[in-house]
Amino acid sequence: MAQNGTTENGVAEGISALPFPQPVKVQEIRHTKIFINNEWHTSSSGKTFPTFNPATGVKICDVEEADKEDVDRAVGAAKAAGQRGSPWRRMDTSSRGMLLHKLADLMERDRLLLATLETLDTGKPFLQSFFIDLDGSIKTLRYYAGWADKIHGKSLPVGEFNVFFSEQTPLTALHIGSLIKEAGFPPGVVNIVPGFGPTAGAAIASHMDINKVAFTGSTEVGQLIKEASAKSNLKRVTLELGGKNPCIVFADCDLQLAVEETQKGALYNQGQCCTAASRVFVEESIYEEFVRRSIENVKKIVIGDPLDPQTSHGPQIDRQHFDKIMDLIKSGKEEGARLEYGGAALGEKGLFIKPTIFSGVKDHMRIAKEEIFGPVQCIFSFKSPQEAIERANSSQYGLVSAVFTTSMDRALSVSAALETGTVWINCYNALHAQTPFGGYKMSGNGRELGEYALAEYSEVKAVTIKLSETL
């Protein structure tokens with residue numbers, strides 16, 4: 001594994017001899033301001049907001065809070081960057097691709113620091129931040145860098161971006177702002193505005209000069225963005241929203257593989273993942289054994305300080321979400337599901353919830369219908385493939401699903417019947433930059449990743465020329 005960069009960016013002497021990467025000791029947070037026109041700004045209102053370490057409850061720092069006026073400034077900068085004659089418009093497409101590669105190089109250089117910031121801010125275990133989040137981000141940049149000079153003849157690519165992100169996790173994106181400037185992107189091409197949904201987010205959704213919004217988050221907020229788009233300039237909107245994702249485990253499957261993959265799918269990032277495997281349907285003949293093995297497997301999870309590379313399970317993101325998860329766990333007990341493991345908070349500090357397994361879950365229960373977004377695995381039983389498919393599809397959501405079987409015929413027929421944008425067969429969370437990702441129904445619309453995503457950021461133009469008939 002390559003280790004590049006300087007000591008302050010997280011490459012300590014001798015680290016290559018260690019069996020896994022180590023987090024950086026962060027002395028201070030360098031970037032806490034709004035990033036517009038390749039410069040750092042305080043908020044127009046003078047407001048800031050705190051961001052906390054969910055593992056300890058300790059405040060990390062204060063971040064500038066953007067609102068409508070700051071969004072207007074960012075949009076103005078993006079419009080100027082896209083004007084004819086600007087450095088960005090004069091730049092050929094190959095050079096744009098090289099800038100994306102340069103940004104990926106800088107993220108590789110600062111990979112340990114970025115993973116440390118992500119873990120401090122979100123509570124995600126460090127190795128997940130390093131090997132999954134950063135790896136995926138870098139590969140995605142390189143993938144689209146390769147596309148930069150291959151979009152021609154059919155469409156006009158959209159080129160300038162304003163980035164708005166949750167107030168809960170601002171630090172990694174702000175550091176990347178510094179890398180965007182270092183990579184050589186012209187001013188205004190990328191602007192980063194940290195803030196809150198009802199202010200900065202609402203200003204973006206209803207802005208008359210923004211032509212495209214891509215949103216990842218709750219279904220409720222996605223509906224508000226669609227409404228704001230309709231009432232403003234009919235901007236294009238792509239949404240990656242909630243999920244209540246089913247796994248169907250057939251009796252002929254590799255049972256241990258199914259146990260491990262469905263549980264990783266349910267508990268990754270403490271269940272705070274739109275793709276969480278929150279409904280696991282298991283064929284009756286193997287149901288009891290599946291539950292037994294799931295209980296044994298969950299005991300291997302290491303709960304603790306997310307900055308410890310040995311930790312595989314950290315805290316929830318904030319107190320409000322922690323309380324929501326605990327309420328849903330309580331409802332599961334009250335409605336008659338069998339609590340097989342966990343179901344309780346851990347420690348007095350931080351927002352840790354023990355990984356939780358329910359068996360005997362019925363379709364009418366809250367934990368079977370609502371997106372928990374927490375470390376809760378719900379295990380159901382089924383008798384026939386048709387029953388499993390009908391129950392899997394009986395949800396307002398349709399993001400992802402999985403099928404576990406050794407029969408390729410069954411795998412293909414069931415995957416064709418499932419109403420989800422992604423189906424994994426004998427695996428889970430197999431996401432790649434080359435593969436389109438998005439949902440059906442209330443899980444959103446449009447696609448991210450792969451070639452299909454390019455259409456979301458392009459407009460088709462027809463130019464017709466009348467030719468003279470003179471030879």
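Colleague: In this predicted model, how are H9 and H10 oriented to each other?

Modeller: The model is predicted, with local features needing pLDDT of at least 70 and side-chain atom pairs pLDDT 80 or more, while totals for chains, interfaces and linings use all residues. Residues are numbered from 1 along each chain as its sequence is written, and side-chain values use heavy atoms, without hydrogens and water. Helix H9 (residues 255-267) packs on helix H10 (residues 284-298) at about 55 degrees, with axes 10 Å apart. Angles under 35 degrees count as roughly parallel, over 145 as roughly antiparallel, 65 to 115 as roughly perpendicular and the rest as oblique, and H9 and H10 are therefore oblique.

Colleague: Which residues of H10 does H9 meet?

Modeller: Contact means heavy atoms within 4.5 Å. From H9, Leu-255, Gln-256, Ala-258, Val-259, Glu-260, Thr-262, Gln-263 and Leu-267 take part. Their partners in H10 are Ile-286, Glu-289, Phe-290, Arg-293, Ser-294, Asn-297 and Val-298.

Colleague: Which element gives the most to the largest nonpolar core?

Modeller: A nonpolar core is a set of buried (under 20% relative accessible area, 1.4 Å probe, protein chains only) Ala, Val, Leu, Ile, Met, Phe, Trp, Tyr and Cys residues joined through side-chain atoms within 4.5 Å. The largest has 32 residues, and Leu-103, Met-107, Ile-180 and Phe-185 have the most contacts inside it. Elements giving two or more residues to this core include helix H3 (93-109) and helix H6 (171-183). The most, six residues, comes from H6.

Colleague: Which residues does Ile-180 contact, leaving aside neighbours within four places in sequence?

Modeller: Ile-180 is among the residues with the most contacts inside the largest core. Beyond those sequence neighbours, its contacts are Phe-35, Leu-103, Phe-185, Val-190 and Ile-192.

Technical notes: Axes are lines fitted to C-alpha atoms, for helices over the stretch in contact, and angles run from 0 to 180 degrees between N-to-C directions. Helices (H or I, at least four residues) and strands (E, at least two) are DSSP runs, numbered from the N terminus. Buried means under 20% relative accessible area, exposed over 50%, partly exposed in between (1.4 Å probe, protein chains only).
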